[in-house]
Each structure stands twice: as C-alpha cells, then as structure tokens.
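Subject: A structure to look through

Hello,

Here is the structure I said I would pass on to you. Please open it beside this message, and then read on for what turned up in it.

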Amino acid sequence: MSQTEKVALTGVSETALLTLNARAREARRPDGIIDDPMAVRLADSIDFDFAKFGSTRQDIAVRALGIDAEALRFFDKHPTGTVVALAEGLQTSFWRLSEAVADPQFRWLTVDLPPIIEIRERLLPAAPQVSIIAGSALDYSWMDQVDATDGVFISAEGLLMYLQPEQALGLIAECARRFPGGRMIFDLPPAVIGWLVRLGVPTSLRYRAPAMPFTLTAADTARLVDTVPGVRAVHDLALPAGRGPLFGTVLPAAYRMRFLADARPSLTLLEFG
C-alpha cells in the first residue's frame, strides 16, 4: 500500500469512502477512541478527495465500536461462528476483531456490490477466514453460502437506512426465517429527524449524503418482536461513550433517558428464535 490508487464510487456506495475517512482520521488522533490501523493504511492507499465530505466527527467510530462489542460477545459463545457483513463497504472490522480475539477462529462473509468488492480485493489483504460475495444484500442468494452450524452474526452497519421500508423489513424477516438462533445488528439515524434524512444530509458545501428513507421509532423497533416472525428478542443498545462533552457526556446520558429514545441514534440487536 505504498502508492495511492484512484477510487471512484457513486451514490450510496460513495458513503463507504466517507465512513472510512472518518474512522481513519479518528484512529490517527493521539487521543482517538478507535484503534484501526488497517483503516489508516487503506485510506492512505486511496487517491480520493476526502475533503469533499467536510469535517468528521466521532459518530462513525463510536458506531463501529458498538458493533465490535456485540461481535465479541457473540464470539464468547460461538468462537467458530460466522459473521456476515452486509454492504460492508470499506469497513475494516475483520482486522480489528481479529486483533481483539486471542485465537481467532471465526469465519467472515463479506457481501457488497461489485465496485466495492473490486476495491476491497485490490487494496485489502486476503485472509483465509474471509469469503466474498459480489452482490446486493437484497439478493437473498447470499444466504445459501452461510454456514450457520456454529452460529451466525449478521451486521448491517450503515445499510438499512438507505433502503426502502419494505426492503429493510423484508431483509430482517428473511434473515430471521433463514437463521433461527442467529443475531442481527443494525443502526438507524434518530427517528425524530426522519423527515430530514429522507432528503439527504449535507455534510459540506460539496457533498450531500444520500437520502435515508428508512427509520424506526423506539416503539416500532421494540415491536419487531411482535411484527416480524422469527424475531425472538429486540435489544436497544447504548452506543459506547466517546471523547469530549457531546460524545463523552451528552450522548451516554441520552441513552439513560427513555423519553429521548427517538432523538438519538439507535443501535439494535435482534435475536432470532
């Protein structure tokens, strides 16, 4: 990764570069909240105008740490289980988790569109535990490639909000049907700003994030156990604390106040029966 290579993505796929840049910039800080050397290496290997995205905040790194924590809990019970990373983008979770586990034996399945897979295969190192499917998460044929014998943990990090409601709920329902005993984790923006994110959120004068048509209120999320067959339990998870007044104090406090549930980002873990 000594030389940089040009990368061009469009639409929702371009958000993979935004989130990579956010994690890498956080990891470079001496007081950074995430240890992600692979993200730094990957970002440094890419010739792209990351400045177009504007300033970065901790929220992307905080989200990644929250999902990492749940994956590690899954490994405690299923050390040889399978992680399915849907629409993985340019996430580097596999390497962070491999470093965090004493004897990593888990398997990993990356599912994403061909342009993303081409970048991953070109710029990230191969690993024997990792399998790759170039296709949409909504093409359920990826499920046929999952070995669920030792448990399944499905991550939909930064995915569901970009889907239409019927697509997002359909994906959850099919995962629940196909993987009884499995788990699925996903994040969504605050429900109270749903009207805003449906238009797309400007992050700078040169970039507007794609529209996010899917949000759920806290009550709607809790009702998934009653409305989606196969969902056995729904857990509203608190994101890890970050740095500074906003991410270190205000955000953690918001997770302790139930009346603010729809005003904060959500991280949800589903257990399938």
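Val-84 has Leu-109 as its bridge partner, and Leu-109 belongs to strand E4. Please keep in mind throughout that this is a predicted model. The two strands concerned are E3, which covers residues 82-86, and E4, which covers residues 107-112, and they pair in the parallel sense over five bridges.

In what order do the seven strands of the open sheet follow one another? Reading across the sheet, the order is E5-E4-E3-E6-E7-E11-E10, with pairing that is mixed. Strand E5 (130-134) and strand E10 (231-237) each have a single partner strand, so they stand at the edges and one side of each is left without a neighbour in the sheet. On average, neighbouring strands of this sheet are turned by 15 degrees against each other, if direction is ignored.

The next topic is charge. Side chains of opposite charge can pair when their charged atoms come close. How many salt bridges does a search of the whole structure find? The search finds 24, and a few of them are worth following one at a time.

Asp-187 and Arg-63 form a salt bridge in which the closest N and O atoms are 3.0 Å apart. This pair links distant parts of the chain, since Asp-187 sits in strand E7 (residues 183-188) while Arg-63 sits in helix H3 (residues 59-77), 124 residues apart. Are these two residues buried or exposed? Both Asp-187 and Arg-63 are buried. Elsewhere, Arg-23, Asp-36, Asp-68 and Arg-96 are joined into one network by salt bridges that share partners.

Asp-47 and Lys-6 also meet through their side chains in a salt bridge, at 3.1 Å from N to O. Here too the pair links distant parts of the chain, with Asp-47 in strand E2 (residues 46-47) and Lys-6 in strand E1 (residues 5-6), 41 residues apart. Asp-47 counts as partly exposed at 34% relative accessibility, whereas Lys-6 counts as exposed at 66%.

A further salt bridge joins Arg-57 to Asp-59, whose closest N and O atoms are 2.6 Å apart. Arg-57 is exposed, with a relative accessible area of 51%, while Asp-59 counts as partly exposed at 28% relative accessibility.

Finally, please look at the nonpolar surface patch of about 490 Å², which is made by Val-192, Ile-193, Trp-195, Leu-196 and Leu-199. Of these residues, Leu-196 lies in helix H7 (residues 194-197), and Leu-196 is partly exposed, with a relative accessible area of 33%.

Best wishes

How values were computed
Residues are numbered from 1 along each chain as its sequence is written. This is a predicted model: local features need pLDDT of at least 70, side-chain atom pairs count only at pLDDT 80 or more; totals for chains, interfaces and linings use all residues. Side-chain values use heavy atoms; hydrogens and water are left out. Two strands pair if DSSP finds at least two bridges between them. Helices (H or I, at least four residues) and strands (E, at least two) are DSSP runs, numbered from the N terminus. Axes are lines fitted to C-alpha atoms, for helices over the stretch in contact, and angles run from 0 to 180 degrees between N-to-C directions. Patches are made of residues with over 30% relative accessible area and no salt bridge: like charges are joined within 9 Å, nonpolar side chains (Val, Leu, Ile, Met, Phe, Trp, Tyr) within 5 Å. Accessible areas come from the Shrake-Rupley method with a 1.4 Å probe; for residues, only the protein chains shown count as cover. A salt bridge is a side-chain nitrogen of Lys or Arg within 4 Å of a carboxyl oxygen of Asp or Glu. Buried means under 20% relative accessible area, exposed over 50%, partly exposed in between (1.4 Å probe, protein chains only).
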